[in-house]
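Q: Hi! Could you walk me through this structure in plain words?

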Amino acid sequence: MSDDIHVFICSGCGIGDAIDVDALGELVQSEYQVKPRIHPALCGEEGVALLAAALAGGGKAVLCACSHREKCDVFTIPDRFVSRVSLREGVAWCQPAGEEDTQMLANDYMRMGMVQAQKYDVPQPFDEEIADGILVVGGGCTGLTAAAEAAAAGREVILVEKADEIGGRLLKNHKQFPTKPPYRELEEPVIIRLIETVRSSDLITVHTGTKITSIDGQPGQFDVKLETPSGEVAFRVGAVVQATGWKPYDATKLEHLGYGLSPDVITNVEFEEMAKNEAILRPSDGKPPREVVFIQCAGSRDQEHLPYCSAVCCRVSLKQALYVREMDPDAKAIILYKDMRAPAQWEEFYKRVQEDEGVFFNKGDVTGVTVNGGLKVLAENTLLGEKIEVPADLVVLATGMVPDAADGEAIRKVGEARAIIAKNDSPVQVEMANQTVEEFGHHEGTEILNLNYRQGPDLPALKYGFPDSHFICFPFETRRTGIYAAGCMRAPSDTLTAEEDAQGAVLKTIQATNLLKEGYSVHPRWGDQSFPDFFLQRCTQCKRCTEECPFGTLNEDARGTPELMPTRCRRCGICLGACPERIVSFKDYSIDIVSSMLKAIDIPDEFDEKPRLLAFFCENDAYPAFDRAAALKTRMSPWIRVIPVRCLGSVNVVWIADALSSGFDGILLIGCKSGDDYQCHYIKGSELMGTRSSNIKEKLTQLALETERVRIEELSIDEFDRLPEIINEFAGEIEEIGMNPFKGF
Amino acid sequence: MTATTTDNVGAPILVIGGGISGLSAAVEASEAGHEVYLVERNAYLGGRVVQLNKYFPKLCPPTCGVEIHLKRLRTTPRVHLLTQTEVVGVAGGPGKFEVELEKTPRGVNANCTNCGECVEACPKERPNDFNYGMDETKAIYLPYGAAFPARHAIDFDHCDRDSCGKCRDVCKVDAIDFGGKVETETITVSSLIVATGWKPYDANKLEELGYGKFKNVITNVEMERLAAVDGPTGGKILRPSDHQAPKVVAFVHCAGSRDELHLAHCSAVCCLASFKQANYVLQASEDATVRHFYIDRRAPGRLEDFLQELENNERATFVKGRVAKITEGADGAVILHAEDTLSGQKVEFTADLAVLAVGLDPEAKDAGFPSGWLTDEQGFMVGNSSSAAPGVFATGCAKRPAEVSACVKDATGAVLKAHQIARRG
């Protein structure tokens, strides 16, 4: 197949007015010995046909037209590489027409595109055999739904449950609150039907009383070992759904609400069991209670206990209030709440319970429960400070849900600390390790998945112990590719939403394995077939790549050398950015490609008074913002040359060093927002660049350069109004600092 | 267990609606191996979310996540996108539905390069529905700055066509087509995912709250556009009467929701949307204050943190009580009349601006879908587990008021149900 590079230059959309395209074409010919084709509207039928014809027999193309985000439908040629050079947004729309600097900018973008095409190598997709069975961990409502739904999609399923029977918490449910119109009547729990479906499926194997001993490998090739009552079982699956559910918040911590002080203060879970056994009786005397007080948010929405809302307890108490009324038409249920949370159509259910004359609602902050001299609930009306006392025969605490998950990173930390203590090399290290054990020791022994991942044996946990990576836009994307969390371990949920969650997680497992069979990456770089290559002869075992990969892609051998697990990779390039030895590269994205691109830029000598600024922009936020600012025809400094990067975390410090030694006067790095409300779709790329900035400062100081020459900014995609200001202000500052003294060396 | 399954992908899946639910369903289905028809009524994708300034609780821009969806969509050959298209007929059943589509002419063909010269040439204006009519665009317009497809459209209600022709004259790529007609097309699909979403409840029906009567009573969806940098005020929240930044802003929760006379359901997102908008106001000015009139503050799960953070801000106050009436005071002030249900007292509160948290009214009820498809009394369709009809799966706000994350999750689940039918071929 031909390696020829075909160059096309579009003069439409104002490009021809701003830039002398003939002169650009001549430059292509003189510098690269390629005769470009210039066309007034490349994206039209004629232009697209030209492109297709040129690439029919092979080769690559450099398309100098609009941004790579535009016209992808017509400029995407299957199995061919097309380097997109943004003359429209990058030059014509943000620069004055006909100026020398405008032309120089276009020339440089063309050179960068040429070099990118020259250096581009065809990725070799992963083509080993892919298993597509699914391991479902947890046999409650979510896990059973996942198993049944996966089987209905033709997948083999192995379901693991630690208890001796499947069914989970819902087995103890008397009724469930409504899931269908008119949302007024209690329903029989869904769990019995689910158990039957799972038991009768030929595609589902159930292991109860079972623990996972280990999961080795990677998506499409997960090798699972189980410890079952009848011995070890080993098999291979393609993907995992973790649905390990929840446990009730430990009510013994709620002594202030009387739990443990009176037998007649019970939890909603205990009350549910009473109802199931058709014996709603006071534990103290075995008599049916006449007045049952429900305390909402018992330990929830409480900084001392669970700061979050468990989402279902309000509806559970509404349901349980109806149990009280069904038991005895003269009995009263009193619900003390902060806010009644019955969202969406469950408002109908709330209304139906409000219509019941024996159910009373009172908003107030419960301050305590007295148990001596008759059970009484004390509450305070927040506005008036008015104190109320509510006598009760039985108090039900609406306790919240705690995710039954393990925090893989915390477990790893304790393990490493233990190893340091055992080794006992340095007193300082041992002291620090002891502190780690104190902080994270309670995670020991909580393993569930037992993943053989360098970054820990379970999914990493976020706030409050729920595993989640990007909970607004991509709720199923955990930081372990091919492993999807669902149900109450992911977020407090009712049965209906837990079932829906299970369906979604199963779809993700099917999608992940189907994509692997095609050799493609999963979200967000769908369709990417490249993998990082590691030139291990030069590896110094510094472990930065294995630690910084957000997805736990890399394991380590005993010496600390990275072991690539390709199908775990999400292609963000953070390993490439992390490596001080520069040994990580993708066929189509590498140290060499980007270094060569920036070195292709013409650097005028210092007496020309034409500074050059290099910019690395996150391709998802800053780069689209740049395009949008250009579409508004906002003027931007002509000194800047922008290279979009997969993630700011993929920027290797060597590119900055190369740029400085090539004579660039300033370097601007723009990533997305980091911190608790991070927007990075690779979780921590932007944050990592922040931590690498000290290396950069060091580099600058070594070179006796001003540290202001490198600036790191965070920008959201909608801050396209601020972006030109940042660029222009930076350009102004660099002009003030003056030219890079390394120019011309 | 190393055997692998060969999914027979069968006939394509139809996704109706290109908002966040439909967009998610389409990309998830295509990446699972399916061919997809994505049908959208508007000239662009993104639906209601791209009209939002920020998402709660991260206060991050919706276009960030949408950009990733679009990036996935831009390069896949498996999704057939049909904008300005509606479903007008459905026949058949699971595995083989015949669906009749009606496509309204855009006036601008695929040659359009989004260069924008036509807009400069166009002499006519139209109300900008993307900004809820708060400003105008030209009759030929790009729906919004980041619109996908990045192609202009003509609003023929405001265009003089051939008798003007200025846009056609300046267009260098022959993209203008005044002569287009409504076209119909019948496609064969294996199942349908209904993601028709919602519209804001019509605030004009809330007579006592003064919308439409008093300039400084606006809706929550208008507030989003006022706060957005590409909105009618360039991202400055200015009150309509005098274009001044309001110092005291009142949020009227459940404006029409949880109300038998209007929307009986709870719209599930408006509490959090109001808290988010309070953040816009508080961040814009250090001496601004906000007051929320609510029935219950519904912030489930970890979203509770978002409420807590606002509660900790001394410039934010909360009154439990439904606003019964809004009247107008001096200089455009608005006076809210409510009963504080905790104290039992009637309260009056004067604000510079009142924001009505109008609820989610399901679009599906007016979409002319087959009468056999199950809906509840409010017009929400029955969901994907027990489907609305065999092979018809409702998702997102078409079936239940829900925030973005829940919609994305739900849409992914709906794709599984569609996948199960498609692979049986």
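Q: Which residues touch the most other members of the largest nonpolar core?
A: They are B:Val15, B:Ile193, B:Val194, B:Val252 and B:Leu356, in a core of 381 residues. A nonpolar core here is a set of buried Ala, Val, Leu, Ile, Met, Phe, Trp, Tyr and Cys residues joined through C-beta atoms within 7 Å. Buried means that 20 or more other C-beta atoms lie within 10 Å of the residue's own (12 or fewer is exposed, in between is partly exposed), with C-beta atoms placed from the backbone.

Q: And which helix gives the most to this core?
A: Helix 8 of chain B, with eleven residues. Helices are DSSP runs of H or I with at least four residues, strands are E runs of at least two, and both are numbered from the N terminus.

Q: Is this a predicted model, and how is the numbering done?
A: This is a predicted model, where local features need pLDDT of at least 70 and side-chain atom pairs count only at pLDDT 80 or more, while totals for chains, interfaces and linings use all residues. Residues are numbered from 1 along each chain as its sequence is written, and chains are lettered from A and ligands numbered from 1 in the order in which they are written.

Q: What is B:Val15 in contact with?
A: Leaving aside neighbours within four places in sequence, its contacts include B:Gly22, B:Ala25, B:Tyr37 and B:Ile193. Contact means that the C-beta atoms of two residues, placed from the backbone, lie within 7 Å.

Q: How many residues does each chain bring to the contact between A and B?
A: Chain A brings 82 residues and chain B brings 71. On the chain B side, helix 8 has the largest share, 13 residues.

Q: New topic: how many helices and strands does chain A have?
A: Chain A has 21 helices and 31 strands. Of its 745 residues, 57% count as buried.

Q: What does the sheet with strands 8, 9 and 10 of chain A look like?
A: That sheet is open and antiparallel, with the strands in the order 8-9-10. Strand 8 (211-218) and strand 10 (231-237) are its edges, each pairing on one side only. Two strands pair if DSSP finds at least two bridges between them.

Q: How many bridges join strand 8 to strand 9 in chain A?
A: Seven bridges join them. One partnership is A:Ile212 with A:Leu226, which is in strand 9.

Q: Last one: how far apart are domain 1 and domain 3 of chain A?
A: Their C-alpha centres lie 69 Å apart. The domain bounds come from an automatic or database domain assignment, which gives 1-120 for domain 1 and 249-400 for domain 3.
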